[in-house]
Amino acid sequence: MRAWSAPDVPVLPVEGPPVRVHDSATGSLVSSVPEGAARLYVCGITPYDATHLGHAATYVGFDLLNRAWRAAGHPVSYVQNVTDVDDPLLERARKVDIDWVALAERETELFRQDMEALRVLPPEHYIGAVESIPLVIDYIERLRRTGSVYQVEDDLYFSVSADPAFGAVSGLDRERMVALFAERGGDPEREGKKDPLDCVLWRGERPGEPSWESPFGPGRPGWHVECTAIAQQFLGRHFDVQGGGSDLVFPHHEMSASEAHVATGEPFARAYTHAGMVAYDGEKMSKSRGNLVFVSQLRHSDVDPMAIRLALLRHHYRSDWEWTDAELWDAVDTLARWRRALSLGAGAPAMPVVQSVLAALAEDLDAPRALQVVDRWVAETLGTEGLADTSDPAAAATVHQLLDAALGLSL
Ligand code: 5CA
Ligand code: ZN
C-alpha cells in the first residue's frame with residue numbers, strides 16, 4: 001500500500017560513526033555495519049484506533065536508526081507492515097458497527113498523516129496483511145514441507161518444537177512465555193494443540209469474519225507469520241534489525257524468528273531491537289486500556305508536531321516512561337529558545353556539535369544525550385549577560401541541518 005511522503009534529509013558535512021543498537025536476544029549492543037544497504041523491518045500498526053504517543057515514540061525511535069545509518073553512509077531499505085486484518089480490528093469494527101475495511105483504511109490514513117507531521121521517514125515498502133495473503137499462503141506451504149505444521153479443527157498451527165532455537169529472542173522461561181502468550185493474543189489453553197505455545201498460522205473461516213481461499217480451506221492469516229513472510233519477501237532471508245515495542249518481544253518476534261528459522265534454516269534478523277513502553281495515568285498506554293493521548297488530537301489543538309517529536313526524543317527509546325503534558329509544554333518552550341539561537345546566524349562552534357550528536361545517536365540512538373549537546377550549544381550561542389559565543393559565522397546553518405538530518409527536527 002501507499003506509505004507517506006518523505007521529508008527532505010539534508011546531507012551533513014561529515015559522515016557519522018558506525019551504528020550500534022541493542023539486541024534483545026543477546027542483551028548487548030550489536031555493531032551493525034551493513035554490507036550495502038542496511039535492512040530494517042519495523043512492525044506496523046493494527047489500524048483500529050488513532051496513533052497514540054506510545055506508537056509515535058516507537059516509530060520515532062526507529063526513525064533515529066534509519067537516520068543514523070544514512071548519516072553513516074548506508075542506504076536504508078525499510079519495510080513496515082500494517083496488520084489490516086486481525087482479531088482486535090474485527091472486534092472494534094463490530095462494536096462500533098462499521099465495515100472493518102473502512103475502519104482500517106481510515107486509521108491507516110490518519111497514521112500516515114501523523115507520521116508525516118512528525119517527520120518520520122517512510123518505509124520503502126509499506127505492506128498490508130490483506131494484500132500479503134498470497135505471500136503468507138506460500139510461506140505456510142513452505143513450512144508445511146518442513147513438517148512443522150499441524151491442524152486443529154480448521155486451523156493450522158506452527159509447532160514451536162520444530163525450532164531448536166525457540167526462546168532465543170526473548171530468553172524467557174516457559175511459565176512466563178505461557179502467561180504472555182495468553183495475554184497477547186495466543187491460545188495456550190486450546191485443546192488438541194501439541195504444545196500450549198504453538199501459534200496459529202492460518203485461522204479457518206468463522207461465521208461473520210472475512211476469509212480468503214487457500215489450499216488449506218477458507219480462512220485468514222495468523223498474526224506472526226504475516227511479519228515473517230513480509231520481512232523475507234521484501235528484505236531477503238536475513239536482515240539487520242527487526243524492531244517494535246517491547247510488548248512484541250514475546251510472542252510476536254519470538255514466533256516470527258522461529259518460523260523463519262524453520263523455513264530457511266538460517267537466523268532471521270541480526271538484531272531484535274525494542275522500544276520501551278510509554279505510560280499515561282500510571283499504566284502502559286494501550287488501546288485496550290483506553291488511557292491514550294493521540295498525536296492527531298495534539299495536532300488538532302495546534303501543538304507544533306516538532307514539539308511532540310522533541311518531547312518524545314527527551315526519553316531514550318529503550319526506557320519505559322510516562323507521558324506528561326508538562327513535558328510537552330517544556331518542549332514548546334525549548335523550541336522557542338532554540339529557534340531564537342538559530343535566528344542569529346553566527347553562534348558557538350558547530351562542528352563539535354555535529355560530531356557529538358552523531359556519536360550519541362550511533363551509540364544505541366542516545367537522543368537524550370544528543371539533545372543535551374544541542375541545549376549546550378544554544379546556551380553558549382545565546383550567552384548570558386552579553387557573553388554570547390558568535391565565533392562560528394555559519395553555526396546556525398550547520399546546526400539547523402544537523403537537527404533536521406539526524407533528529408528529524410525541522411525548525
Ligand atoms: N500490528 C502489530 C505489530 S505486527 C502491533 O503490535 N500493532 S499495534 O498497533 O498494537 O502497535 C504498533 C507498535 O507500537 C508496536 O511496535 C508496538 O510495540 C508499539 N506500541 C504499542 N503500545 C505502545 C506503548 N504504550 N509505548 C510504546 N510503544 C507501543
Ligand atoms: Zn509484526
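## Ligand shell, strand pairing and selected residues

The residues of the shell around ligand 1 comprise nine nonpolar, twelve polar and three charged. The model described here is predicted. The shell holds 24 residues, and those that come nearest to ligand 1 are Gly44, Thr58, Thr83, Asp247 and Met285.

Three polar contacts of ligand 1 are set out in the table.

| Ligand 1 atom | Protein partner | Distance |
|---|---|---|
| nitrogen | glycine 44, polar backbone atom | 2.8 Å |
| nitrogen | threonine 83, N or O atom in the side chain | 2.7 Å |
| oxygen | glycine 245, backbone N or O atom | 2.9 Å |

On its own, ligand 1 has 600 Å² of accessible area, of which the protein covers 94%. Two or more residues of the shell come from each of helix H1 (53-71), helix H6 (223-235) and strand S10 (239-245). The greatest share belongs to H1, which gives four residues to the shell around ligand 1.

**Strand S10 and its partners**

Strand S10, one of the elements that contribute to the ligand shell, is mostly covered, with seven of its seven residues buried. S10 pairs with strand S3 (residues 38-42) through three bridges, and the two run parallel. S10 also pairs with strand S11 (residues 269-275), again in parallel, through six bridges. Glycine 243 of S10 figures in both pairings: valine 42 stands opposite glycine 243, and glycine 243 in turn stands opposite threonine 273 in S11. In a regular strand the side chains alternate between the two faces of the sheet.

**Phenylalanine 268 and helix H7**

Phenylalanine 268 lies in the loop between helix H7 (249-264) and S11. Is this residue, phenylalanine 268, buried or exposed? Phenylalanine 268 has a relative accessible area of 1% and is therefore buried, the cut-off for that class being under 20%. Apart from neighbours within four places in sequence, phenylalanine 268 is in contact with Cys227, Thr228, Ala231, Gln232, Arg237, His238, Phe239, Gln242, Ser256, Ala257 and Ala260. Phenylalanine 268 and lysine 287 are separated by 19 residues in sequence and, from C-alpha to C-alpha, by 29 Å in space.

Helix H7 is also the place of proline 251. The peptide bond that leads from phenylalanine 250 to proline 251 is cis, with omega near 5 degrees.

**The S1-S2 hairpin**

Strand S1 (residues 19-23) and strand S2 (residues 28-32) run antiparallel and are joined by five bridges. Arginine 20 has serine 31 in S2 as its bridge partner. The two strands, S1 and S2, form a hairpin with four residues between them, and glycine 27 in the turn has a positive phi of about 70 degrees.

**Positive phi values outside glycine**

Arginine 119 has a phi near 55 degrees, a positive value in a residue other than glycine. Arginine 119 is located in the loop between helix H3 (100-117) and strand S5 (125-128). With a relative accessible area of 18%, arginine 119 is buried, because the class takes in residues under 20%.

Leucine 365 likewise has a positive phi, near 55 degrees, and is a residue other than glycine. The loop that holds leucine 365 connects helix H11 (351-362) and helix H12 (367-382). Leucine 365 has a relative accessible area of 0% and is therefore buried.

**Two buried helix residues**

Glutamate 107 is part of helix H3. At 6% relative accessibility, glutamate 107 is counted as buried. Which residues is glutamate 107 in contact with, leaving aside neighbours within four places in sequence? They are Ile45, Pro47, Tyr48, Asp49 and Ala50.

Threonine 334 belongs to helix H10 (residues 325-342). Its relative accessibility of 14% means that threonine 334 counts as buried. When residues up to four places away in sequence are not counted, threonine 334 touches Leu310, Arg314 and Asp375.

Definitions and conventions:
Residues are numbered from 1 along each chain as its sequence is written. Chains are lettered from A and ligands numbered from 1 in the order in which they are written. This is a predicted model: local features need pLDDT of at least 70, side-chain atom pairs count only at pLDDT 80 or more; totals for chains, interfaces and linings use all residues. Side-chain values use heavy atoms; hydrogens and water are left out. Buried means under 20% relative accessible area, exposed over 50%, partly exposed in between (1.4 Å probe, protein chains only). Contact means heavy atoms within 4.5 Å. A residue is near a molecule or strand if one of its heavy atoms lies within 4 Å of it. A polar contact is a pair of N or O atoms within 3.5 Å; within protein, one must be able to donate a hydrogen and the other to accept it, and residues adjacent in sequence count only if both atoms are side-chain atoms. Accessible areas come from the Shrake-Rupley method with a 1.4 Å probe; for residues, only the protein chains shown count as cover. Ala, Val, Leu, Ile, Met, Phe, Trp, Tyr, Cys and Pro count as nonpolar, Asp, Glu, Lys and Arg as charged, and the others, Gly among them, as polar. Two strands pair if DSSP finds at least two bridges between them.
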